[in-house]
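Me: Please take a close look at one part of this model for me, and then work outwards from there. I'd like it as one connected walk-through.

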Amino acid sequence: MPGLFSRLASVFSRFPDNNTASIDMDKYTEELLGMDMSLSVVDRLLGDLKHGHTGVDDLKNRMKDILISSQLCEPRCGILMIGINGGGKTTTIGKLGKWYGDQGYSVIAAAGDTFRAAAIEQLIIVAERAGFDIVKAMPKVDPSSVIHDAVTAYRARGKDVVIADTAGRLHTNVNLINELKKIKSVMHRVMAGDKLVTYLTLDATIGKNSFQQAKLFNEHIGVDGIIITKLDGTARAGIIFTICEELKIPIVGMGTGEGIDDFMLFDKNKFVESLFV
Ligand code: GDP
């Protein structure tokens with residue numbers, strides 16, 4: 001992991017090993033806020049460091065205490081992928097399909113973003129590249145019916161994992177929220193007792209806005225885990241601390257590039273350590 005988050009790590013790697021009394025706390029506070037950490041997270045992190053009591057290990061421990069990591073769902077299981085357009089949802093479905101495939105599991109995906117013909121095409125390409133099946137329908141078909149068919153195929157073909165793509169118009173759009181609620185209840189019913197999780201893709205580069213997205217989707221749909229995308233290109237990913245601290249939603253994975261293998265499971269201990277190298 002060293003070097004992967006070099007832009008994000010640039011703030012922490014300058015933190016002194018000891019003698020914190022010598023560092024400019026105001027400057028540090030400003031830098032952490034600039035990474036889109038909330039004031040309460042910054043307070044929790046820096047706390048009595050302000051008085052020169054502790055050093056880098058204490059800071060690391062505080063960071064690990066705030067973050068929440070969780071495993072990807074254990075097959076057989078279903079994944080409902082939600083998130084706004086451009087956040088990396090389809091790319092992430094490809095990465096997850098590849099990841100499960102590499103572990104020896106079989107995957108089927110539903111092209112549930114029937115709102116945009118281009119999204120269906122994109123999933124076809126990604127599935128081919130990663131080597132998993134998809135179930136698709138014509139554009140504008142009710143996404144619940146495509147996802148229903150995909151879960152039925154998952155059961156009939158004995159697949160290990162079913163992943164449903166969904167539309168991602170603006171998250172404040174009431175129709176989208178209602179559509180996702182319907183999809184979730186249909187998917188839950190057809191899973192017939194197999195585990196179903198809802199994962200949200202969040203673009204790390206958009207900072208505070210992604211916190212609002214997580215809050216809204218969690219309130220209305222329920223989010224079991226977050227896959228934070230584009231961590232390779234940002235120094236502002238402090239938002240994941242705010243999300244864990246304030247919403248208590250675990251992070252399950254990280255997108256670290258555009259390629260099909262640019263995906264890592266989230267391990268809070270490794271993640272924090274990587275910020276200091
Ligand atoms: P969707 O609209 O949510 O399905 O988003 P896409 O999967 O189409 O991704 C939008 C853009 O972000 C594409 O250009 C992807 O290549 C890019 N992207 C997705 N994940 C990552 C990532 O982890 N890192 C980088 N650098 N780009 C990513």
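Reply: Quick ground rule first: helices (H or I, at least four residues) and strands (E, at least two) are DSSP runs, numbered from the N terminus. The model is predicted, so local features need pLDDT of at least 70 and side-chain atom pairs count only at pLDDT 80 or more, while totals for chains, interfaces and linings use all residues. Residues are numbered from 1 along each chain as its sequence is written, and side-chain values use heavy atoms, with hydrogens and water left out.

Let's make helix 10 (residues 239-247) our part. Leading up to helix 10 from strand 6 (225-229) is a loop that holds Lys 230. Phi of Lys 230 is positive, near 60°, although the residue isn't a glycine. Most residues other than glycine have a negative phi, and most peptide bonds are trans. With a relative accessible area of 32%, Lys 230 is partly exposed (buried is under 20%, exposed over 50%, partly exposed in between, with a 1.4 Å probe and protein chains only).

Now the neighbours. Helix 9 (residues 208-220) brings its axis within 9 Å of the axis of helix 10, crossing at roughly 30°; axes are lines fitted to C-alpha atoms, for helices over the stretch in contact, and angles run from 0 to 180 degrees between N-to-C directions. That makes the two helices roughly parallel (under 35 degrees; over 145 is roughly antiparallel, 65 to 115 roughly perpendicular and the rest oblique). The crossing of helix 9 with helix 10 is right-handed, meaning the near helix is turned clockwise from the far one by less than a right angle, whereas anticlockwise would be left-handed. Helix 9 puts in Lys 208, Ser 210, Phe 211, Ala 214, Lys 215 and Asn 218, and helix 10 answers with Ile 239, Thr 242, Ile 243, Glu 246 and Leu 247 (contact means heavy atoms within 4.5 Å). By class that's five nonpolar, three polar and three charged residues; Ala, Val, Leu, Ile, Met, Phe, Trp, Tyr, Cys and Pro count as nonpolar, Asp, Glu, Lys and Arg as charged, and the others, Gly among them, as polar.

Helix 3 (residues 39-46) comes at helix 10 at about 95°, with the axes 9 Å apart, so helix 3 and helix 10 are roughly perpendicular. Here Ser 40, Val 41 and Arg 44 of helix 3 touch Phe 241, Thr 242, Glu 245 and Glu 246 of helix 10. That patch has two nonpolar, two polar and three charged residues.

Stepping back, the chain has 11 helices and eight strands, and 53% of its 277 residues are buried. Helix 5 (residues 89-102) should span 20 Å at 1.5 Å a residue, and its end C-alpha atoms are indeed 20 Å apart (expected span is 1.5 Å times one less than the number of residues). Because 10 of its 14 residues are buried, helix 5 is largely enclosed by the rest of the structure; among them are Ile 93, Leu 96 and Tyr 100. Just after helix 5, Gly 104 has a positive phi of about 95°.

Helix 7 (residues 143-156) likewise reaches 20 Å, close to expectation. Its buried residues include Val 146, Ile 147 and Tyr 154, and the cover over the buried residues includes strand 1 (77-82) and helix 8 (174-191). In the loop between strand 3 and helix 7 sits Lys 140, a residue other than glycine with a positive phi near 80°. Lys 140 is exposed, at 64% relative accessible area.
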